[in-house]
Amino acid sequence: MTRYPNLLAPLDLGFTTLPNRVLMGSMHVGLEDRPKNLHRLAEFYAERARGGVGLMVTGGFAPNRTGWLLPLAGKLTTKGEVARHREITAAVHDNGGRIALQILHAGRYSYHPFSASASKSKSPITPFSARAMRGNEVRSTIADFASAAALARDAGYDGVEIMGSEGYLINQFLTARTNRRTDEWGGSAEKRQRFPVEIVRQVRDAVGPDFIVIYRMSLLDLVEDGQSWAEVVALAKAVQGAGTTLINTGIGWHEARVPTIVTSVPRGAFTWVTAKLRPEVSIPVIASNRINMPETAEEILARGDADMVSMARPFLADPDWVRKAADERSDEINTCIGCNQACLDHTFAHKVASCLVNPRAGHETELTLLPTRRTKRVAVVGAGPAGLAAATAAAGRGHTVELFDAEDEIGGQFQLARRIPGKEEFAETLRYYARQLELTGVKVHLGQTATAAELLEGGWDEIVLATGVRPRPVSIPGADRPNVHSYADVITGAARIGARVAVIGAGGIGFDVSEFLTHAGAHGVALDRDEWLREWGVGDPAVARGGLVPPAPEPSPRTVYLLQRKRSKVGAGLGKTTGWVHRSALKARGVETIKGVEYARIDDAGLHINVMSKGGRGSSARVLEVDDVVVCAGQESRRDLLAELQAAGVSVHVIGGADVAAELDAKRAIDQGTRLAATL
Ligand code: FAD
Ligand code: NAP
Ligand code: SF4
């Protein structure tokens, strides 16, 4: 008897049966767009097929050039492309998997000057204006979807997913927000829906009855003038009638100002919307967004919210997710923590997507951790992300590894990160590594500060210094007062903080500390879903179009000032796809951000600052009457042991924050640790 009977139950689609209820959702990994990368892409999917996922969906391929997301993006329009795709489908089928190709027309989300949409318009997130499609172009675009689907079948795919959510072309036809047409494709909800319904009908005609057609549907647009719930239900029924096999859930247009997948979104936050649609149709529906562990997925299915669950990023983090769940090894799953740092942030920077907790993702053919031919004795000093990655990867290859940390628990700075409200998921990475240490047989010494002399005595073949960072002190007069604290003391609760606080330094940690200080509740407990929905203004789409209602954030228990010396926008250096969420959250809780600050002194009156004027020519003095000051002024490398070890001539490697503190993040720390282990 399995712990996940619903998750692991087969799903009979009539002409084929999926082995379980897990869909690997579409992800553009950046290997789709160049023929030379298709081999890497094939290996990426093959590894996930071996991991047992029921059905995978590729990243989006355009049905024609106008639909490209970027110039020269992946498309499926020619026989030559079909031949290249066969490498992908063969790799998946050879490894027991199934795969559907996603057909995506970007419409006004295209990053090229010849983009087209339902009406002439420009999206708030792309630089180019889209022209309005003429009637015959609408018809030819529908035919292009059908042609791409037929070519997908030729290429060996098991199905297609028609991308009808996240604000792409199909959404642009569906709402009055972007469709102002007066011909047969606009003017009423029924006419606006004709475009997707005709696409599904022609796709089904082109592929025959025994081929999976998924329609990814926007259930909550989360933008003004989005679809009403009655329109969503009518569309679901219509696409079912036109030949859809499965309806997948899409939440929010890309231009929506409500986060839908970042780590602070509670797990399964949107499955209630899928549950609302399910009784309206007779085909299986798929829930999505922030589902990352088997327990969550099983609950969703057991509750009857959906027939399947879709997860995308969790398969970057762990290709063996399904197999581990099926083998009762869910404690071995490397959990997606929703950080977006190596996946979506890479995609937006036009880099190959990977994963912060699994640097092999997207690099399967190049970053291999083969068994070693010569076992070495390896000492790793520091059990932060860098040391944990190095120790477990080296031991996994067969080396004899011992890991030392001065603290009583593993994790380094991640022990602080996981205490930030909205970052509770980071604890999963530490659970994963704790289990990997056991599985790979690393001998762990906690509460033990390693010295150079001890390390030299140990006679190690390799010594890895992953000793991380220490907070950078500031040299402001009064910084030695008892009401001036380091971020670590604040987050661990060692320092008690009053009602008015100034935070010095507005990097990632300054933002996190401000988040911590503006939350009243218990820390380390997942955020309450209903409270989160109220905070971001998400409501019942049957009451409010697109599910948008006025936000009602919980008031902050403290007055918080967040300061930086630079004159650039506060928070400009945060993640591309997550920074806006942090900035909006603090704004909603009344945090005052001040840039262009010069710190004068701290005394009984508070923190004295001079604030540069907008033009930068003058400055004005200001006293922030605060009870406490928290210093988040970056970090410095801890590499006290290095010189002595080097002088002794032993083989020593420095990774993570100990190597370079500036712009350090766990992505670099884990990547560096893993890559070093691959070479030992
Ligand atoms: P550390 O995590 O600093 O670990 C070093 C370890 O070495 C420590 O455990 C220390 O005790 C040990 N050590 C040092 N000297 C010795 C010695 N002589 N003997 C034995 N042990 C020793 N990064 C992100 O990528 N994304 C985020 O969202 C994010 N959020 C963060 C939020 C907060 C509040 C904080 C504080 C950090 C956050 N970070 C985040 C940064 C991330 O945690 C660090 O980049 C990462 O932990 C650095 O890893 P590391 O292994 O190099 O060093
Ligand atoms: P950081 O990003 O380097 O920010 C340090 C801040 O302190 C800056 O605002 C800097 O701005 C200020 N500062 C630097 N030296 C100072 C000094 N001597 N006196 C006063 N202010 C000073 O470092 P961090 O916030 O400590 O974050 C460390 C790393 O953790 C980051 O690189 C980040 O990638 C990672 N992290 C990421 C996230 C995330 O959400 N992705 C969250 C937390 C941490 P001014 O010089 O302009 O004042
Ligand atoms: Fe998940 Fe972060 Fe990895 Fe992306 S980079 S897959 S969000 S853990």
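Start by selecting ligand 1 together with Ala 466: a polar backbone atom of Ala 466 is 3.5 Å from an oxygen atom of the ligand. A polar contact here is a pair of N or O atoms within 3.5 Å; within protein, one atom must be able to donate a hydrogen and the other to accept it, and residues adjacent in sequence count only if both atoms are side-chain atoms. Add Val 469, where a backbone N or O atom lies 3.4 Å from an oxygen atom of ligand 1. Then add Arg 638, which places a polar side-chain atom 3.4 Å from a nitrogen atom of ligand 1. Ligand 1 taken alone exposes 1,000 Å², and the protein buries 93% of that; accessible areas come from the Shrake-Rupley method with a 1.4 Å probe, and for residues only the protein chains shown count as cover.

The model is predicted: local features need pLDDT of at least 70, side-chain atom pairs count only at pLDDT 80 or more, and totals for chains, interfaces and linings use all residues. Residues are numbered from 1 along each chain as its sequence is written, chains are lettered from A and ligands numbered from 1 in the order in which they are written, and side-chain values use heavy atoms, with hydrogens and water left out.

**The shell around ligand 1**

Now show the 39 residues around ligand 1, of which Gln 341, Asp 405, Lys 423, Gly 657 and Ala 666 come nearest. A residue is near a molecule or strand if one of its heavy atoms lies within 4 Å of it. Coloured by type, the shell divides into 21 nonpolar, 11 polar and 7 charged residues. In this scheme Ala, Val, Leu, Ile, Met, Phe, Trp, Tyr, Cys and Pro count as nonpolar, Asp, Glu, Lys and Arg as charged, and the others, Gly among them, as polar.

Switch to cartoon to see where the shell comes from. Among the elements that each supply at least two of its residues are helix 12 (385-396), strand 15 (400-405), helix 17 (508-517) and helix 21. Helices (H or I, at least four residues) and strands (E, at least two) are DSSP runs, numbered from the N terminus. At least three residues of the shell come from each of domain 2 (377-471 + 638-679) and domain 3 (484-519 + 556-633). Domain bounds come from an automatic or database domain assignment.

**Ligand 2**

Move to ligand 2. It has 23 residues around it, the closest being Ala 506, Ile 509, Arg 565, Lys 566 and Leu 664. Select Ile 509 to find a polar backbone atom 2.9 Å from an oxygen atom of ligand 2. At Gly 507, a backbone N or O atom lies 3.3 Å from an oxygen atom of ligand 2. Ala 633 has a polar backbone atom 3.4 Å from a nitrogen atom of ligand 2. On its own ligand 2 has 900 Å² of accessible area, and the protein covers 77% of it.

Which helix gives the most to the shell around ligand 2? Helix 17 does, with 3 residues. By type, this shell holds 8 nonpolar, 8 polar and 7 charged residues. Ligand 2 lies between domain 2 and domain 3, because both give residues to the shell around it.

**Gly 571 and Arg 668**

Select Gly 571, in the loop between strand 21 (559-563) and helix 19 (579-588). Contact means heavy atoms within 4.5 Å. Not counting residues up to four places away in sequence, Gly 571 touches Ala 506, Phe 511, Gln 564 and Arg 583. Gly 571 is buried, with a relative accessible area of 3%. Buried means under 20% relative accessible area, exposed over 50%, and partly exposed in between (1.4 Å probe, protein chains only).

Next go to Arg 668, found in helix 21 (residues 666-679). Arg 668 is partly exposed, with a relative accessible area of 24%. Measure from its C-alpha atom to that of Pro 359: the two residues are 309 apart along the chain, and the atoms are separated by 9.2 Å.

**Domain 1**

Finish in domain 1 (11-329). The centres of domain 1 and domain 2, taken over C-alpha atoms, are separated by 40 Å. Across this pair, 6 residues of domain 1 are in contact with 6 residues of domain 2.

Select Asp 318, in the loop between helix 9 (314-317) and helix 10 (321-326). Is Asp 318 buried or exposed? Asp 318 counts as buried, at 4% relative accessibility. Its side chain reaches the backbone nitrogen of Asn 334 at 2.9 Å.
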